[in-house]
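Got your viewer ready? Load the model below, pick a cartoon view, and follow along from stop to stop.

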Amino acid sequence: MSEKTSVQVGDKQILIETGKLAKQADGAVTVQLGETIVVVAAVAATKAKEGQEFFPLTVDYREKAAAAGKFPGGYFKREGRPTEKEILTCRLTDRPIRPLFPKGWYNEVQVQTVVLSADGENDPDILSIVGASAALMVSDIPWDGPLGAVRVGRIGGKFIANPTHAEMAESDLDLVYVGNATDIVMYEGSAQEISEADFNAALKFGQECCQPLIAAQKELAAKAGKPKRQITLNIVPDEILQEAKKLAGDRFVPALLTPGKLAREAACKAIQDEVGARLVEKFGAEKVTDFVIKDAFYYIQKEAVRSLILDGGKRLDGRDFNTVRPISSEVGILPRAHGSALFSRGETQALTLATLGTGDDTQEFDSYTGGENQKKFILHYNFPNFSVGETGRIMGPGRREIGHGALAERSIEPMLPKMDYPYTVRVTSEIMESNGSTSMASVCGGSLALMDAGVPLLRPVAGISVGICTEIGADKKIARHQLLTDIIGWEDHYCDMDCKIAGTEKGITGFQLDLKLRGLPHELMAEAVEKARVARLQILAEMAKTLAEPRKELSKYAPRITTLKINPEKIGALIGPGGKNIKRLVEESGCEIDIEDDGTVNIFSVSAEGMKIAVDSISGMTAEAEIGKVYRGKVVTIKEFGAFVEFLPGKDGLVHISELANFRVKKTEDIVKLGDEIWVKCLGVDEKGRVRLSRKAAMEDRDKQMSGGEPEKPPQE
């Protein structure tokens, strides 16, 4: 028997139901907003795999074409690999639920979302997060929820909950917020230079919106939830952990304070290998497995790092808590790229390249759930193994790369020129070295590369990550904490937060929060937001020393553009039957030509000569005959009653025999022959578009201009 609960979030109703679909899953719900419906199912394996050493959580989100009443594209007419939107929604769903599973529990868990109905107005991504929480709540899977999730927009200064796509088009904020009963758990999104004060207000609004969803899930779990299963945690035996601490002694502190990432890792690894061997000698290889050694030393190093920060007031690389690592940057370092930059912050280094393209380079994609279906700005992020001094499988971008690229992309995009900017723009960020927040380095480097390319950014964008180290009290609340500006890799790994905020000197443009905690109070987040603002302004000042504003000239290798405006009724003639005319013109000129429905024609070329050919041809092919104007034309047809003259490319007019000369003409051939070039004057255009031309009037005009020229005489008999 199914159970339902309906909850009001803002001015919209969300319906959650369980017990109707996917009843063999450990927990399953449907979530509905408007006519958008998702089903979310959660299943956990009954036991962990042999030798399992990490928590194998898989979150999957898929959109079905049938949900929107459409067919998938492609030959097979079947959904294929996940789209970027689907991958990003997987990450949105995964990140808030992951920290709430028991530590040391290694049974495989899968949470799957399928979009069953899409109304094109309400985005299913929020429903996926709510559904994952609700499915886990009603299941027997151990999980410390529930969570609420909401999208926050702002129109005219007023916050709105779960705006539609149409409303989002007017919003200057796109915030995905996830919270528990009291605290922030996760957020992500972008904004049009929102102030820190307004950003904090948006977070509080999101927290309020989450409360009805949390209450509804508790009610649903009370009615239809299963008892939670008994589990066994795979943790290091206390006697082995204590012996490891005793053998390591106080050697970890100087090892952790070793300058340089690789040297620090090597110093800690040497202690681990030595102590690990002694543990095997004492307890035996059966008890002291590789997993036990790694897990024991994770806890020891984590404890040592936290003690250094909270008790010793020290960071691993010697900085104080508010200092940004040394910054250096260069631009124009790659000669053939349209724009390039190398941005370094400590041991984090991003090489960024900007490319300007045409309308043909715009990314287009199926959009079953509404929203945009094309992109003119793309940022791709690549993270090779060598950037961390490791080997590994070499393959295409994974979910992490796609997520980091999307964060950097939405952080820069609000500063790109809008509306009439004709170029498609791509930035690629190649990570050369990694030790903390390469996505924010990609924002800084991407901004510099775009300015180097001459893209007229409204303002430069920079980003920084702020971490936190906490001590949890007996009441499971934060007893003390220390915020860390510009975290390095081990501070991210052993501490509790990665809060990334990007923006300009005027405000915030992009943001993302990941927590290892079960939640973070709003007052601590406000502190982190302020620290990010101070650091961002410092980074922007350093970037300005290299390049303060966009270059005035494009790279010589970037395509130049000329924009023409033609009568929309002339588009067909310009394209020609089967695209014959435009294909010929592209081939002759070497240009790329984009034609828009309103008659805007964008011509892209790296050659001045090719640009002239294209502009002259299009101008001629689409020009209208002007009454009274004199043209130089070519005779293309001879008739008894006169001659047809091509006076504009592809456009003919009739010179009647009476208009060939200022005397009586007996035969057309007496005056003109096929292929002759003659001057003609436009006398008029009839209602059918037929043009009347006159050689006689053109000659008279030319005689007047030459003042005293000999008038034309009839041919001798």
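**Stop one: inside the core**

Select Leu450 and show what surrounds it: leaving out residues up to four places away in sequence, Leu450 touches Ala354, Phe377, Ile412, Leu416, Val425, Val427, Val455 and Leu457. Keep in mind as you click around that this is a predicted model.

Now widen the selection. Leu450 belongs to the largest nonpolar core, which has 163 residues, and is among the members that touch the most others; Ile97, Phe101, Tyr187, Met497 and Met525 are listed with it. Colour those six and you have a handy set of landmarks for the rest of the tour. A bit of background: nonpolar side chains in soluble globular proteins tend to be buried together.

There is also a second core, separate from the largest one, made of 20 residues. To find it, pick Tyr631, Leu648, Ile671 and Ile678, which are included in it.

**Stop two: zoom out**

Back to the whole chain. You should find 16 helices and 29 strands. The radius of gyration is 34 Å, well over the 27 Å that the globule rule gives for 717 residues, so the chain is more spread out than a compact globule. Along the principal axes, the C-alpha atoms fill a box of roughly 125 × 60 × 45 Å.

Try colouring by burial next: 52% of the 717 residues count as buried. If you draw the accessible surface, its area is about 33,600 Å², with 51% belonging to carbon and sulfur atoms. And for a contact map, take the contacts with a separation of 6 or more: 69% of them come from residues 24 or more positions apart.

**Stop three: a six-stranded sheet**

Go to the N-terminal strands. The open sheet here runs β1-β2-β3-β4-β6-β5, with mixed pairing. Its edges are β1 (3-9) and β5 (57-63), each pairing on one side only. On average, neighbouring strands are turned by 15 degrees against each other, direction ignored.

Zoom in on β1 and β2 (residues 12-18), which pair antiparallel over seven bridges. Gln8 has Gln13 in β2 as its bridge partner. Then add helix α4 (residues 196-224), which packs on the sheet and touches β1, β2 and β3 (27-33). The direction of α4 makes about 170 degrees with that of β1.

**Last stop: Ser605**

Is Ser605 buried or exposed? Its relative accessible area is 5%, under the 20% cut-off, so Ser605 is buried. Ser605 sits in strand β24 (residues 600-605). Beyond residues up to four places away in sequence, Ser605 touches Pro559, Arg560, Cys591, Gly610 and Met611. Finally, set a distance label between the C-alpha atoms of Ser605 and Arg91: they are separated by 40 Å, and the two residues are 514 apart along the chain.

How values were computed:
Residues are numbered from 1 along each chain as its sequence is written. This is a predicted model: local features need pLDDT of at least 70, side-chain atom pairs count only at pLDDT 80 or more; totals for chains, interfaces and linings use all residues. Side-chain values use heavy atoms; hydrogens and water are left out. Two strands pair if DSSP finds at least two bridges between them. Helices (H or I, at least four residues) and strands (E, at least two) are DSSP runs, numbered from the N terminus. Axes are lines fitted to C-alpha atoms, for helices over the stretch in contact, and angles run from 0 to 180 degrees between N-to-C directions. Contact means heavy atoms within 4.5 Å. The radius of gyration is taken over C-alpha atoms; the globule rule is 2.2 Å times the number of residues to the power 0.38. Buried means under 20% relative accessible area, exposed over 50%, partly exposed in between (1.4 Å probe, protein chains only). Accessible areas come from the Shrake-Rupley method with a 1.4 Å probe; for residues, only the protein chains shown count as cover. A nonpolar core is a set of buried Ala, Val, Leu, Ile, Met, Phe, Trp, Tyr and Cys residues joined through side-chain atoms within 4.5 Å.
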